[in-house]
Structure formats: structure tokens, C-alpha cells
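User: I am new to this structure. Please take a close look at one residue in a loop, then place it among other parts of the chain.

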Amino acid sequence: MYTAVLEPVILYAASVWAPSATKLGVRKQLNMVQRGFAQKMCRAYKTVSLNSAMVLAGLLPLDLRIKEVASLYEAKRGVEQPMLGDREMEMRVAYANTTHPASQIELQFGCLTDQEQVNAQRQQAVRIFTDGSLIEGQVGASLSFWDNEVETKSRKIKLASYCTVYQAELLAIREATVSARKRPERSFGIYSDSRSALQALCNWSSVNPLAAEARENIRQCVSQGKVVSLYWVKAHVDVRENERADELAKAAALSLKVRPLYDKCPVSFVKRQFRMGTVDEWNRRYCQETTASVTKLFFPEVSWAYKVVRQVGLTGLHTQLFTGHGGFSEYLNRFGCKENPSCICDEEHQEDVPHLIFCNKAIIQKIFLGQHEMYANNRVYMRNNFINRYFQTSNRTTWE
């Protein structure tokens with residue numbers, strides 16, 4: 001409900017009123033709305049602070065989400081963003097710059113699933129197999145030119161490390177169409193194992209710049225009397241030509257030491273950069289706030305907690321443990337629900353979360369004396385089950 005209804009309503013037209021979200025009064029109103037949802041999502045008591053509730057619910061502060069959405073909107077429209085540095089974002093082709101409908105040609109691609117079907121398409125004068133690869137954080141693309149059963153030429157292409165495989169696949173197809181437009185032969189076959197790239201290429205409504213350029217190149221080839229056929233080849237089924245293109249693409253990604261031919265940032269990279277900035281700012285606030293002291297014992301940094309809480313299914317008992325707001329003597333005494341805040345193991349120590357984690361005596365006595373059976377079972381569950389999962393998830397072996 002929060003993700004599907006509340007957040008979209010608040011973020012509507014965020015780019016218009018984003019500057020107002022920095023005002024203290026507006027932030028307080030946003031926090032008031034968000035706190036109730038965060039508490040319910042992590043099953044917390046109503047006394048739990050906003051800081052703790054948002055960390056355990058995995059929710060970003062709304063004012064930071066507004067800024068993030070507004071920045072993405074501006075980036076998509078060419079406004080420079082300091083977070084991107086000197087990198088440029090991949091911009092969609094403006095509708096006015098697309099091919100006129102009267103000049104559009106019908107584009108389709110065939111599907112080939114094995115070597116036999118690929119061999120049946122050798123009637124083209126030039127067959128160009130394309131591929132893209134993302135390996136060890138590096139991105140590359142390749143073209144492999146074939147005449148019947150012989151590879152006549154190959155080409156490796158380097159892309160910036162933040163580019164996607166989808167961009168690499170489309171870039172390889174675009175370069176194949178450039179070769180088809182420039183070469184003197186009259187028939188060409190362009191083969192790719194990326195169905196999504198071919199679908200974008202054949203869809204004239206797609207405004208991807210690489211797909212638009214490839215379509216225009218094919219249209220010019222047709223106007224020159226050339227025939228360009230498109231094919232999707234099933235990957236990793238021992239099609240020799242496609243495996244060769246895959247080998248070249250991996251080599252381009254790993255070993256090619258040249259300036260990237262294509263370095264436009266994909267939307268996914270821009271979103272990731274903005275999200276990292278949002279989490280960093282949230283972490284700064286979280287560390288500076290005086291609330292959520294118990295939560296900070298488990299999650300000293302938001303950047304780490306934001307990943308962990310999504311991997312561990314929190315229950316109400318986990319939330320009590322992480323916040324200190326629950327069936328603890330210290331907490332109950334604070335609200336007049338219990339006379340004595342001390343632990344049964346030692347009257348000098350209050351029964352709070354840090355004490356109970358190390359206090360075996362408190363748990364053992366309550367089990368053997370039969371006092372508060374539900375209380376004892378809850379503590380055993382929290383201690384033996386969740387603490388172990390907490391250490392395993394966080395790769396920590398000792399309590400700090």
C-alpha cells in the first residue's frame with residue numbers, strides 16, 4: 001500500500017515542488033505521514049522513533065525521495081547533475097527527430113534455434129554475427145563477419161564500464177548496420193542472440209538512440225537496393241558463429257585497452273548513483289540524531305542496514321529486540337506498567353536489550369521457575385534464532 005499508493009501520490013510532480021521539501025515545516029509533515037506507515041510495516045510499538053522505524057522498515061525519508069525523483073526527471077531532460085560528473089546520460093530520441101511514418105519500412109526478425117537453421121541462411125553475401133558481454137565489471141561488444149563457413153573479419157568494441165549488456169547488444173547491431181550501409185555487397189544478414197535488442201530495433205515507437213540509428217541505417221540500405229535480414233539466434237547451443245561472436249565480446253570487455261566507443265550512462269546507472277547519494281545523506285542524518293540508540297547497537301550505519309533488513313524477515317519480536325520497545329522491565333517501568341525495572345539476575349542492572357543479550361541467568365531462571373512462559377519462549381527465540389541469523393547475514397562473529 002505504501003509503495004503502490006502513498007509514495008506515488010506524494011511524489012507526483014515532485015520536480016515542481018522539490019525545493020520546498022527542504023523546508024523544516026514540510027519535512028515535519030512528511031515525517032508525520034511516514035512514521036505511522038513505517039511503524040506498522042516493521043510491527044513496532046507506537047513509541048518507536050521515526051529513525052528506528054524507517055531503518056527497520058527499509059523506507060527512505062520522503063524528502064530525500066522527492067529530491068531523488070526530481071533529480072532523475074531533470075537528468076532525463078539534459079540538465080547537468082553534479083553527481084554524474086562529466087558523464088552524459090543516454091537521451092531518448094526526440095519525436096521530431098524520428099523517421100517520418102511515410103518513410104518507415106516494415107522490420108521483422110526470424111528465429112533460429114540451432115546450427116542447422118543457421119546454415120540454411122547462407123544465401124546472404126555477408127553474414128554479421130553480433131554480441132555484447134558484461135564480465136568482471138567490464139563491458140564489450142563484437143562483430144564477426146562470415147562468408148559461408150569462413151570468418152572474413154572480426155571487430156571488438158569497448159564500452160564504458162557503467163554501460164549495460166543491452167547497450168552493448170544494440171551498439172553491436174548498430175555498427176553492423178553501418179557496415180551494411182557502407183559495403184558494396186547487396187545482401188546482408190545480421191544475427192544477434194538478444195531478442196530484446198531486436199524487438200527494440202523493429203519497433204518504430206522505440207526512442208532508444210542506438211535502435212533509432214540502426215533503423216535509419218537499414219532504411220538507407222533499402223533505399224540503395226540492398227537487402228538486410230535480421231535474425232535472433234538462440235544462445236549457448238553450440239552455434240559456431242554465435243559462439244565466436246561471444247568469445248570476441250568477452251575478449252573486448254577484458255583485454256581491449258582503448259577509449260570506449262560508447263560511454264552514455266544508462267538510466268539504471270543514473271538511478272543507482274542518485275540512490276547512493278540518498279542513502280549517504282540518510283546515513284548522515286541517522287548518525288547525527290540522538291534517537292534510535294538501541295537500533296544503532298545493531299545497525300550503526302543505514303547503508304548497511306538498508307541491505308540487511310530486506311534479507312531478513314522481521315517479526316514483531318525482532319523489532320522489539322532492535323528498538324528496546326517491548327516486554328522489557330526497563331521499558332514497562334518507564335510507562336508505569338511494572339514497578340521494578342531491574343533484571344532478575346541482578347537488581348542493580350536494568351532489564352534492557354544490551355543486558356538481556358548477555359544475561360543467560362535471566363532466561364534460564366524464568367524457564368526453570370516457570371515464570372512468564374511466553375516471555376521466556378520469546379527471549380529464547382530472539383536470542384538463539386535471530387541473533388545467529390543476524391551474525392550470519394552481517395558476516396560478524398562477535399558482538400561489538
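Analyst:
**Asparagine 148 and its surroundings**

Asparagine 148 is partly exposed, with a relative accessibility of 42% (buried is under 20% relative accessible area, exposed over 50% and partly exposed in between, with a 1.4 Å probe and protein chains only). This is a predicted model, in which local features need pLDDT of at least 70 and side-chain atom pairs pLDDT 80 or more, while totals for chains, interfaces and linings use all residues. Residues are numbered from 1 along each chain as its sequence is written, and side-chain values use heavy atoms, without hydrogens or water.

Asparagine 148 belongs to the loop that links β3 (138–147) with β4 (150–159) (helices, H or I, at least four residues, and strands, E, at least two, are DSSP runs numbered from the N terminus). What marks its backbone is a phi near 60°, a positive value in a residue other than glycine. Most residues other than glycine have a negative phi.

Alanine 13 is another case: its phi is also positive, about 55°, and it is not a glycine. Its loop runs between α1 (2–11) and α2 (14–17). Alanine 13 is partly exposed too, at a relative accessible area of 35%.

The chain around these two loops has 400 residues, 47% of them buried. It forms 18 helices and eight strands. Of its contacts with a separation of 6 or more, 68% join residues 24 or more positions apart (a contact is heavy atoms within 4.5 Å).

Isoleucine 128 lies in strand β2 (residues 126–135). At 0% relative accessibility, isoleucine 128 is buried. Setting aside residues up to four places away in sequence, isoleucine 128 touches Leu143, Ser144, Phe145, Ala176, Ser179, Gly189, Ile190 and Tyr191. Its C-alpha atom is 9.0 Å from that of glutamate 241, which is 113 residues away along the chain.

Helix α7 (residues 165–182) packs against helix α9 (residues 209–223) at an angle of about 20°, with the axes 9 Å apart (axes are lines fitted to C-alpha atoms, for helices over the stretch in contact, and angles run from 0 to 180 degrees between N-to-C directions). The two helices are therefore roughly parallel (under 35 degrees is roughly parallel, over 145 roughly antiparallel, 65 to 115 roughly perpendicular and the rest oblique). On the α7 side the contact is made by Gln167, Leu170, Leu171, Arg174, Thr177, Val178, Ala180 and Arg181, and on the α9 side by Leu210, Ala211, Glu213, Ala214, Asn217, Ile218, Gln220 and Cys221. Nine of these residues are nonpolar, four polar and three charged (Ala, Val, Leu, Ile, Met, Phe, Trp, Tyr, Cys and Pro count as nonpolar, Asp, Glu, Lys and Arg as charged, and the others, Gly among them, as polar).

Helix α1, which leads into the loop of alanine 13, has a packing partner in α3. The angle between α1 and α3 is about 175°, and their axes are 13 Å apart. These two helices are therefore roughly antiparallel. Tyr2, Leu6 and Ile10 of α1 meet Leu30, Val33, Gln34, Phe37 and Met41 of α3. The residues of this contact are seven nonpolar, one polar and no charged.

Glutamine 39 also sits in helix α3 (residues 24–41). Its relative accessibility is 9%, so glutamine 39 is buried. Apart from neighbours within four places in sequence, glutamine 39 contacts Ala44, Tyr45, Lys46, Val48 and Ala53.

Leucine 56, in helix α4 (residues 50–57), is buried at 4% relative accessibility. Its C-alpha atom and that of histidine 318 are 9.6 Å apart, although 262 residues separate the two along the chain. Beyond its neighbours within four places in sequence, the contacts of leucine 56 are Cys42, Thr295, Phe299, Val309, Leu314, Thr319, Phe322 and Thr323.

One more loop residue can be set beside asparagine 148. Proline 300 lies between α12 (293–298) and α13 (302–308), and at 41% relative accessibility it is partly exposed. Leaving out residues up to four places away in sequence, proline 300 touches Tyr286 and Cys287. The C-alpha atoms of proline 300 and tyrosine 286 are 8.9 Å apart, with their positions 14 residues apart along the chain.
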